[in-house]
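Hello,

Here is the structure I promised to hand over. My notes on it follow directly below.

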There are 2 protein chains.
Amino acid sequence: MTTGAPRPLKFSISGFPEYLPEHRQVEQRWLAIVAEVFSSYGYVNIETPSVEKVATLANKGEDVDKEIYALARLNTRGEGSSEAKLALHYDLTVPFARYVADHHQNLSFPFKRYQSQRVWRGERPQEGRYREFTQCDIDVVGNETISDFYDGEMLEVVMLALERMEVGPILFQISNRKLLQGLGEALDVADITSLARLLDKIGKLTEDAIHASLVADLGLSPEAATTCLKFASIRGDYADVVARLGEIGVGGPSIEAGLGELRRVVDHVGQAMPASFKLEIDLSIARGFDYYTGVVYEARFIDYPKYPSICAGGRYENLVASFAKKSFPGVGVSIGLTRIFTKLLSEGRLPEARPSPTDVLIARLPESDAGALLALASALRGRGMKVELFAEAPALDKQLKYASRKKIPYVLFPFADGHQIKAMETGVQSPFDRQSFSLGD
Amino acid sequence: MTTGAPRPLKFSISGFPEYLPEHRQVEQRWLAIVAEVFSSYGYVNIETPSVEKVATLANKGEDVDKEIYALARLNTRGEGSSEAKLALHYDLTVPFARYVADHHQNLSFPFKRYQSQRVWRGERPQEGRYREFTQCDIDVVGNETISDFYDGEMLEVVMLALERMEVGPILFQISNRKLLQGLGEALDVADITSLARLLDKIGKLTEDAIHASLVADLGLSPEAATTCLKFASIRGDYADVVARLGEIGVGGPSIEAGLGELRRVVDHVGQAMPASFKLEIDLSIARGFDYYTGVVYEARFIDYPKYPSICAGGRYENLVASFAKKSFPGVGVSIGLTRIFTKLLSEGRLPEARPSPTDVLIARLPESDAGALLALASALRGRGMKVELFAEAPALDKQLKYASRKKIPYVLFPFADGHQIKAMETGVQSPFDRQSFSLGD
């Protein structure tokens with residue numbers, strides 16, 4: 001396994017990934033694993049349009065506004081048509097909130113859904129960051145309340161999906177916005193959102209720059225700013241975190257509540273965690289989006305920690321409330337499928353897949369009866385095989401070469417004096433019996 | 001089965017369909033059928049980005065240019081950034097052609113692919129027409145040549161997929177651009193593209209208007225224009241069409257070639273055609289896109305012929321050639337999944353699906369051990385069941401009501417003195433045995 005930076009990928013349209021058939025097969029398999037695992041916990045699939053009204057998307061935090069792609073009809077720009085108010089969604093959380101607000105009368109709560117769709121962000125393409133990418137989101141929302149049982153279930157489900165995808169060792173980091181709230185209360189900082197955004201910059205900006213900003217922009221004393229940085233440097237298991245918070249003297253009811261919820265998450269996933277995964281509490285995890293109010297999650301590749309997070313999410317109380325009069329609190333996680341996939345692709349670590357789904361190629365001979373071949377192909381398909389008919393009747397070596405290039409495992413020769421089947425891997429050719437033949441023979 | 005106009009559907013964002021979970025389950029099932037049938041003939045799945053360069057998309061015919069959605073970054077409009085040259089694709093044929101041109105050195109020919117993706121057209125939303133919709137495309141392209149065997153295979157595959165989707169009786173109409181070519185040769189019309197576009201308006205414009213346009217715009221004599229309209233009114237089986245072409249005196253090598261190819265298609269699908277489907281040759285079928293050069297296909301609902309076509313495609317010789325120096329002729333068909341789906345949805349004709357995938361809900365009692373319930377749920381999932389754990393422990397009737405609303409078939413009560421399982425449909429409750437229980441018990 002490589003541990004260095006993945007080799008950069010080049011796509012026809014910069015920032016818009018596109019794969020060869022043999023790689024797409026792997027992506028499809030991953031999407032099927034996500035669907036299977038998520039639905040096995042009772043989460044139902046939905047999709048939302050690729051667009052939302054601009055008013056729905058804008059001002060949700062993390063400076064995404066400037067990355068939003070608006071739609072403008074070609075050749076009619078400036079006409080002020082209604083489409084000017086539509087834009088491609090940049091995540092699946094905001095569209096899901098709008099969906100719940102619009103359809104809540106036809107949904108049953110707690111509503112458990114997953115959603116695997118493309119999203120768009122007009123940022124500069126770079127390692128792990130694309131302008132179009134697929135996210136696999138899983139969320140549960142309640143009507144007015146939602147049990148914190150789901151804080152743990154989220155992590156359990158997402159870990160299981162990633163384990164089945166065999167993407168390598170992953171570090172899961174969790175924190176809780178309530179701890180930040182408690183920090184703010186202890187230091188008399190009212191603007192928790194700005195505090196979260198600033199601490200989210202750790203690793204991107206220097207500690208000195210963040211310290212200066214805490215003092216200048218949030219009005220903290222230098223000592224309080226130092227406490228914030230100490231707080232954000234806390235990481236470890238549950239006992240470590242409790243001890244360190246005591247050392248820096250940050251406590252109170254919000255801290256207690258936040259720690260209690262983290263404890264429940266740790267207990268939930270504790271035993272079932274895959275051996276190659278690690279879970280730690282890391283108080284620098286704040287998540288840039290404003291809407292999180294409780295547990296927050298992030299995940300990274302252990303072998304390449306500088307790579308952007310491959311999984312993220314958290315609990316929100318007010319997200320849907322901005323669209324509906326009722327409150328629909330929830331908790332969710334998003335898997336960055338494209339980000340994970342392109343890393344493995346660039347490292348040549350994707351499992352091998354065939355460039356064609358065909359199991360059996362039926363060769364064509366000059367004397368073949370067209371109708372008989374069609375009927376033979378249909379009969380084999382009816383038994384679950386993927387069967388391709390060679391269209392014309394050139395020399396057999398040409399037909400064999402085609403099968404070999406597409407890695408088709410079997411070639412059937414419909415000789416008039418008895419059909420033969422050739423297993424391409426072994427080269428063994430044997431009489432073909434329509435009733436008894438099965439793949440794997 | 002209703003035969004009138006479907007009831008119009010209303011969506012949160014006009015022209016952008018969005019479904020409730022129980023309807024999305026049916027759409028997913030249809031997509032799975034398409035994938036299964038298409039791949040069973042050796043077609044491999046690919047996806048392309050949602051965008052192409054504007055230069056790639058523009059000027060392909062059928063007046064789509066003005067319906068193209070270009071991307072413009074919000075708050076940076078007019079900056080002339082590179083994204084200004086990207087637009088959402090309006091079909092999957094043009095992106096596929098660009099894909100083949102870009103990747104042909106890594107593909108094996110004939111290259112058989114299918115592609116189920118969303119496409120976008122900024123037209124006025126109306127019955128069967130949306131701004132965002134899903135198409136399921138199947139195409140095969142050759143390197144320099146492509147056998148006309150595939151003209152028939154296309155129709156066979158698409159018919160099988162639509163039959164399995166159980167969408168009702170369908171009329172398939174085929175024609176051949178070579179017949180139009182022959183008509184043009186017989187009448188001395190050089191601009192076959194304009195002739196095709198005009199005849200494609202039959203049904204949309206009056207015959208008089210088309211006649212006038214043939215004379216005024218294409219310079220035909222009134223008699224020749226009348227022959228064109230007679231030509232375009234020809235429909236029936238192969239023998240009918242041959243006879244009628246003879247009656248109006250249109251013949252020649254292009255007509256012979258076109259008829260020969262249609263004959264092969266009819267023979268190919270002849271016996272295998274589903275009983276509720278009809279196939280006819282209809283010389284008014286011209287397809288608006290410029291790139292077709294041979295057999296063309298369209299399909300419509302028999303019970304509602306005014307509804308826009310639900311399937312369309314044809315053979316092209318030059319499409320990919322506009323991107324690559326080599327020639328990659330091909331043939332393909334597109335299924336208008338959203339158009340079919342929304343019609344059945346609006347008529348209440350979709351098969352019933354559950355709003356949740358859960359097979360077994362494990363109820364929670366105040367005395368339940370959380371870890372034991374998690375382990376029980378995992379064990380059942382390991383046996384292929386979809387299992388949901390109730391998050392908290394309210395009164396059991398509340399938990400049963402939840403299962404009933406979500407149409408979950410089984411509820412498991414983890415009583416300390418022996419687990420019980422209740423089949424919701426029959427109301428029968430019986431002892432639960434972890435080893436022997438299976439769905440369908």
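Pro110(B) sits in the loop between H3 and S5 of chain B. The peptide bond leading into it from Phe109(B) is cis, with omega near -5°. Chain A shows a cis bond from Phe109(A) to Pro110(A), also with omega near -5°. There, Pro110(A) is in the loop between helix H3 (93–103) and S5 of chain A. Keep in mind that this is a predicted model.

Next, the helix before that loop. H3 of chain B covers residues 93–103 and is mostly covered, with eight of its eleven residues buried. The buried ones are Thr93(B), Val94(B), Pro95(B), Phe96(B), Ala97(B), Arg98(B), Tyr99(B) and Val100(B). Their cover includes S2, helix H2 (54–57) and strands S5 (111–120), S6 (132–141) and S12 (330–336) of chain B.

Two backbone angles in chain B deserve a look. Asp188(B) has phi near 65°, a positive value in a residue other than glycine. Asp188(B) lies in the loop between helix H5 (177–187) and helix H6 (192–199). Is Asp188(B) buried or exposed? Asp188(B) has 10 other C-beta atoms within 10 Å, so it is exposed; the cut-off for that class is 12 or fewer. Lys407(B) also has a positive phi, near 55°. Its place is the loop between helix H13 (396–405) and strand S15 (410–413) of chain B. Lys407(B) has 16 C-beta neighbours inside 10 Å and therefore counts as partly exposed.

Now the two chains together. Chain B can be laid on chain A with an RMSD of 0.0 Å, by a turn of 180° and a shift of 0.0 Å along the axis. That is the relation of a two-fold axis. In chain B, the C-alpha nearest the axis belongs to Leu71(B), 2.6 Å from it. Both copies use the same surface: 100% of the contact residues of chain B recur in chain A.

The contact takes 63 residues from chain B and 63 residues from chain A. On the chain B side, the residues divide into 27 nonpolar, 18 polar and 18 charged. Strands also pair across the contact. S3 of chain A (residues 69–73) and S3 of chain B (residues 69–73) run antiparallel, over five bridges. Within that pairing, Ala70(A) stands opposite Ala72(B).

Which residues does Lys53(B) contact, neighbours within four places in sequence aside? They are Ile13(A), Lys85(B) and Leu86(B). Lys53(B) lies in strand S2 (residues 51–53) of chain B. With 14 C-beta neighbours inside 10 Å, Lys53(B) counts as partly exposed. The C-alpha atoms of Lys53(B) and Leu380(B) are 49 Å apart, and the two residues are 327 apart along the chain.

On to the fold of chain A. The chain has 13 helices and 17 strands. Its C-alpha trace spans about 95 × 55 × 45 Å along the principal axes. Of its 441 residues, 46% count as buried. Among contacts in chain A with a separation of 6 or more, 70% come from residues 24 or more positions apart.

The domain assignment gives domain 1 (1–168 + 303–353), domain 2 (170–280) and domain 3 (360–431) in chain A. The centres of domain 1 and domain 3, taken over C-alpha atoms, are separated by 42 Å.

Nine strands of chain A form an open, mixed sheet in the order S1-S5-S6-S12-S11-S10-S7-S9-S8. S1 (44–45) and S8 stand at the edges with a single partner strand each, so one side of each has no neighbour in the sheet. At one edge, S1(A) and S5 (residues 111–120) run parallel over two bridges. Asn45(A) stands opposite Tyr114(A) there. At the other, S8 (residues 235–236) and S9(A) are antiparallel, again over two bridges. Arg235(A) faces Asp282(A) in that pair. S9 (residues 277–282) also pairs with S7 (residues 170–176), parallel and over five bridges. Gln173(A) is opposite Glu280(A).

Last, the largest nonpolar core. It has 208 residues, and those touching the most other members are Val158(A), Ala161(A), Tyr297(A), Val158(B), Ala161(B) and Tyr297(B). Beyond its neighbours within four places in sequence, Tyr297(B) has contacts including Leu155(B), Phe172(B), Ile174(B) and Val333(B).

Best wishes

Technical notes: Residues are numbered from 1 along each chain as its sequence is written. Chains are lettered from A and ligands numbered from 1 in the order in which they are written. This is a predicted model: local features need pLDDT of at least 70, side-chain atom pairs count only at pLDDT 80 or more; totals for chains, interfaces and linings use all residues. Helices (H or I, at least four residues) and strands (E, at least two) are DSSP runs, numbered from the N terminus. A residue is buried if 20 or more other C-beta atoms lie within 10 Å of its own, exposed if 12 or fewer, and partly exposed in between; C-beta atoms are placed from the backbone. Two residues are in contact if their C-beta atoms, placed from the backbone, lie within 7 Å. Copies are superposed by least squares on the C-alpha atoms of residues with pLDDT of at least 70 in both. Ala, Val, Leu, Ile, Met, Phe, Trp, Tyr, Cys and Pro count as nonpolar, Asp, Glu, Lys and Arg as charged, and the others, Gly among them, as polar. Two strands pair if DSSP finds at least two bridges between them. Domain bounds come from an automatic or database domain assignment. A nonpolar core is a set of buried Ala, Val, Leu, Ile, Met, Phe, Trp, Tyr and Cys residues joined through C-beta atoms within 7 Å.
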